[in-house]
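Let's take a walk through this one together, with the viewer open and the sequence at hand. We'll begin with a single element and work outward from there.

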Amino acid sequence: TLGKDFAGVLSSDSYNAYESMDCRKQKCLVHYLREIKKWGEKFSKTGEFAGFARRAKKVLKGSIHAHKRLKSKPGRLRAKKRFEAQLRHIYSKKYENPEINRINKNLRRHANENFTFLAVEGVEPTNNEAERGIRPYVVMRKISGSHRSKKGTHACERLLSIYRTSQLLGENFKEYATDYLEERLSGTSKP
């Protein structure tokens, strides 16, 4: 669970629940690429969607390769501006295909969040690590048939968040959770 004082970068898909978070954000580029691939399989390999897909994938994949290749901050910032301009050129056009327009709406809405990874050291262009982190919870929820109440759902989400945070910090879960809960009850809180 992210606190009010979260100073990092929130990496996520385009799910609206993240919009209210007041922090820097990075949208998962792989989610965009999957969406483009999914719709590309439904439409002709030539035509409007194919042209859009080719251009968008070139920009998104190019930025991921630049992230791996470029080491200097000035080089990464120049690349960020270049990829932002290329993507702006794509999503600023008018298209007939409604799926292109829907994808472009997301790209435009998150224009300042698509290439944060090129400006901030240590930020990845995907949210794969976060998704792997919640995978055990998703499997548990599917096996158990979900939760019986919103309160139960919320409790499980909190406990999993505390558990994963303790793992990422290399701390003992039992000690971390005890400290966390004691601080929450006393009015102070741990990250």
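## Starting from helix 1

This is a predicted model, so treat everything below as a reading of computed coordinates. Helix 1 covers residues 29-42, and its 14 residues reach 21 Å from the first C-alpha to the last, close to the 20 Å expected at 1.5 Å a residue.

Which residues of helix 1 are buried? They are Leu29, Val30, Tyr32, Leu33, Ile36, Trp39 and Gly40. An α-helix has 3.6 residues a turn, so residues three or four places apart point the same way. What do the buried residues of helix 1 pack against? Their partners are strand 2 (24-27), helix 2 (47-69) and helix 4 (98-109).

Now look at the charged side chains on helix 1. Glu35 and Lys38 meet in a salt bridge, at 4.0 Å from N to O. Both sit in helix 1, 3 residues apart, which is about one turn of the helix. Lys38 counts as partly exposed because its relative accessibility is 39%, and Glu35, at 21%, counts as partly exposed too. That 21% isn't far into the class: buried means under 20% relative accessible area.

Glu35 has another partner. The side chain of Arg102 meets that of Glu35 in a salt bridge as well, with 2.3 Å from N to O. Arg102 is in helix 4 while Glu35 is in helix 1, so this pair ties together parts that are 67 residues apart in sequence. Arg102 is also partly exposed, with a relative accessibility of 35%. Add Glu99, and you have a network of salt bridges that links Glu35, Lys38, Glu99 and Arg102.

How many salt bridges does the structure hold? The count is 5. One of them joins Lys27 and Glu113, whose side chains meet at 3.8 Å, N to O. This pair links distant parts of the chain, with Lys27 in strand 2 and Glu113 in the loop between helix 4 and helix 5 (128-144), 86 residues apart. Are these two residues buried or exposed? Lys27 and Glu113 are both buried.

That same stretch between helix 4 and helix 5 is where you'll find Thr126. Thr126 counts as buried because its relative accessible area is 17%. Setting aside neighbours within four places in sequence, Thr126 is in contact with Ser11, Cys28 and Val30. Val30 is one of the buried residues of helix 1, so we're back where we began.

Next, move over to Leu107, which has its place in helix 4. Leu107 counts as buried, since its relative accessibility is 0%. Which residues does Leu107 touch, not counting those up to four places away in sequence? The list is Tyr32, Leu87, Tyr91 and Asn114. Tyr32 is another of the buried residues in helix 1. For a distance to check in your viewer, try the C-alpha atoms of Leu107 and Arg88: they are 8.4 Å apart, with these positions 19 residues apart along the chain.

The rings deserve a look too. A search of the whole structure turns up 7 aromatic pairs. Among them is Phe115 with Phe117, a tilted pair with 6.3 Å centre to centre and 50° between the planes. Both Phe115 and Phe117 are buried. Elsewhere, ring pairs link Trp39, Phe43, Phe49, Phe52 and Tyr95 into a cluster, and Trp39 is one of the buried residues of helix 1.

Now for the surface. Leu159, Tyr163 and Phe173 form a nonpolar patch there, with about 260 Å² of accessible area together. Tyr163 belongs to helix 6 (residues 150-168), and it counts as partly exposed because its relative accessibility is 34%.

Finally, zoom out. The protein has 7 helices and 2 strands, and from the N terminus on the elements run β-β-α-α-α-α-α-α-α. Of its 191 residues, 36% count as buried. Among contacts with a separation of 6 or more, 60% are between residues 24 or more positions apart. The accessible surface comes to about 12600 Å², and 54% of that belongs to carbon and sulfur atoms.

Conventions
Residues numbered from 1 in each chain as written. Predicted model: local features only at pLDDT ≥ 70, side-chain atom pairs only at ≥ 80, totals over all residues. Heavy atoms only, no water. Helix = DSSP H or I, 4+ residues; strand = E, 2+ residues; numbered from the N terminus. Expected span 1.5 Å × (residues − 1). Buried < 20%, exposed > 50% of the residue type's maximum accessible area, 1.4 Å probe, protein only. Contact = heavy atoms within 4.5 Å. Patch = residues over 30% accessible without salt bridge, like charges linked within 9 Å, V, L, I, M, F, W, Y side chains within 5 Å. Areas by Shrake-Rupley, 256 points an atom, 1.4 Å probe, with all protein chains shown as cover. Phe/Tyr/Trp six-rings, centres within 6.5 Å; stacked < 30°, edge-to-face > 60°.
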